[in-house]
Amino acid sequence: MKPERGPERKRVSIVEPFVTHTGRQPKRSMWVFIIRFIIRKEGDDLTEFLLQTYTMAMPVIFGYIVWLLKQRKKSEDANSKGTMLLLRVQLIEYHDRYMALGYIPSYAYENFVEMYEAYHNLGGNGMVTHMQEEVKKLEIRKERKNDET
């Protein structure tokens, strides 16, 4: 004799709540799957609330992040442009000053080379490159700042 059993319980697979009326799984993100897996109740009010919140909140959050990144990029571009212009002014000043002297002190040459490299890395080019070539041809003297008149 077989022992009497209670009512048959239907076995529910983890994937079953995700199968549509066509028999295929809908294309949803992994987060939806995780939320449903954790809760495991199809039609539950909390599940539906979380899915709707996810569906509405994620585009807004991602849109805000994109906006913030664009604002930051604009700010960085403005700072880079300003830095490049300040370097250009200083490079022109160095060029004119030491071309008139006919020589350049070693400390000034080092400064000029470093400023030119920074200027070039920021995207500057053109006439300053020509000036840099002229400054390279100058005689380099070893002297200190306070010795120069």
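Start by selecting Gln132 together with Phe112 and Tyr116: leaving aside neighbours within four places in sequence, these two are the residues that Gln132 contacts. Gln132 lies in helix 4, which spans residues 127-137. Is Gln132 buried or exposed? With a relative accessibility of 11%, Gln132 counts as buried, because the limit for that label is under 20%. Keep in mind throughout the tour that the model is predicted.

**The whole chain**

Now show everything as a cartoon. The chain has four helices and two strands. Followed from the N terminus, the order of the elements is α-α-β-α-α-β. Of the chain's 149 residues, 22% count as buried. Switch on the surface next: the chain exposes about 12200 Å², and 57% of that comes from carbon and sulfur atoms. For contacts between residues at least 6 apart in sequence, 55% join residues at least 24 apart.

**Colour by confidence**

Colour the chain by pLDDT. The mean over the chain is 77, and 66% of the residues reach 70 or more. Then select residues 11-15, where the pLDDT is below 50. Beyond near neighbours in sequence, this stretch has four contacts in the model.

**The largest nonpolar core**

Select Leu91, Tyr94, Tyr98, Ile104, Ala108 and Tyr119 and show their side chains. The largest nonpolar core has 16 residues, and these six touch the most other members. Which helices supply at least two residues each to this core? They are helix 2, helix 3 (106-121) and helix 4. Helix 3 gives the largest share, with seven residues. In soluble globular proteins, nonpolar side chains tend to be buried together.

Stay here and centre the view on Ala108. Apart from neighbours within four places in sequence, Ala108 is in contact with Tyr94 and Tyr98.

**Tyr107 and Lys142**

Move to Tyr107, which has its place in helix 3. Tyr107 has a relative accessible area of 19%, so this residue is buried. Add Lys142 to the selection. How far apart are Tyr107 and Lys142 in sequence and in space? They are 35 residues apart in sequence, and their C-alpha atoms are 7.8 Å apart in the model.

**Glu134 and His95**

Go back to helix 4 and select Glu134, which is found there. Glu134 counts as partly exposed, because its relative accessibility is 25%. Add His95, which is 39 residues away from Glu134 in sequence and 8.1 Å away from C-alpha to C-alpha. Show side chains for Met99 as well: not counting residues up to four places away in sequence, Glu134 touches His95 and Met99.

**Salt bridges**

How many salt bridges does the structure hold? There are three.

- Select Arg72 and Glu76. Their side chains meet in a salt bridge, 3.2 Å from N to O. The two residues are four apart in helix 2, so about one helical turn separates them. Arg72 is exposed at 55% relative accessibility, whereas Glu76 is partly exposed at 40%.
- Select Lys73 and Asp77. Their side chains also form a salt bridge, at 3.1 Å from N to O. This pair is likewise four residues apart in helix 2, so the separation is about one helical turn. Lys73 is partly exposed, with a relative accessible area of 48%, and Asp77 is partly exposed at 40%.
- Select Glu139 and Arg141. Here the closest N and O atoms of the salt bridge are 3.4 Å apart. Glu139 counts as partly exposed at 44% relative accessibility, and Arg141 counts as partly exposed at 34%.

**A nonpolar patch on the surface**

For the last stop, select Ile61, Phe62, Ile65 and Leu69 and show the surface. These residues make a nonpolar surface patch of about 380 Å². Where is Phe62 found? Phe62 is in helix 2, which covers residues 45-101. Helix 2 also holds the salt-bridged pair Arg72 and Glu76, and it is among the helices that supply at least two residues of the largest nonpolar core.

Terms used
Residues are numbered from 1 along each chain as its sequence is written. This is a predicted model: local features need pLDDT of at least 70, side-chain atom pairs count only at pLDDT 80 or more; totals for chains, interfaces and linings use all residues. Side-chain values use heavy atoms; hydrogens and water are left out. Patches are made of residues with over 30% relative accessible area and no salt bridge: like charges are joined within 9 Å, nonpolar side chains (Val, Leu, Ile, Met, Phe, Trp, Tyr) within 5 Å. Accessible areas come from the Shrake-Rupley method with a 1.4 Å probe; for residues, only the protein chains shown count as cover. A salt bridge is a side-chain nitrogen of Lys or Arg within 4 Å of a carboxyl oxygen of Asp or Glu. Buried means under 20% relative accessible area, exposed over 50%, partly exposed in between (1.4 Å probe, protein chains only). Contact means heavy atoms within 4.5 Å. pLDDT is the predictor's confidence in each residue, from 0 to 100. A nonpolar core is a set of buried Ala, Val, Leu, Ile, Met, Phe, Trp, Tyr and Cys residues joined through side-chain atoms within 4.5 Å.
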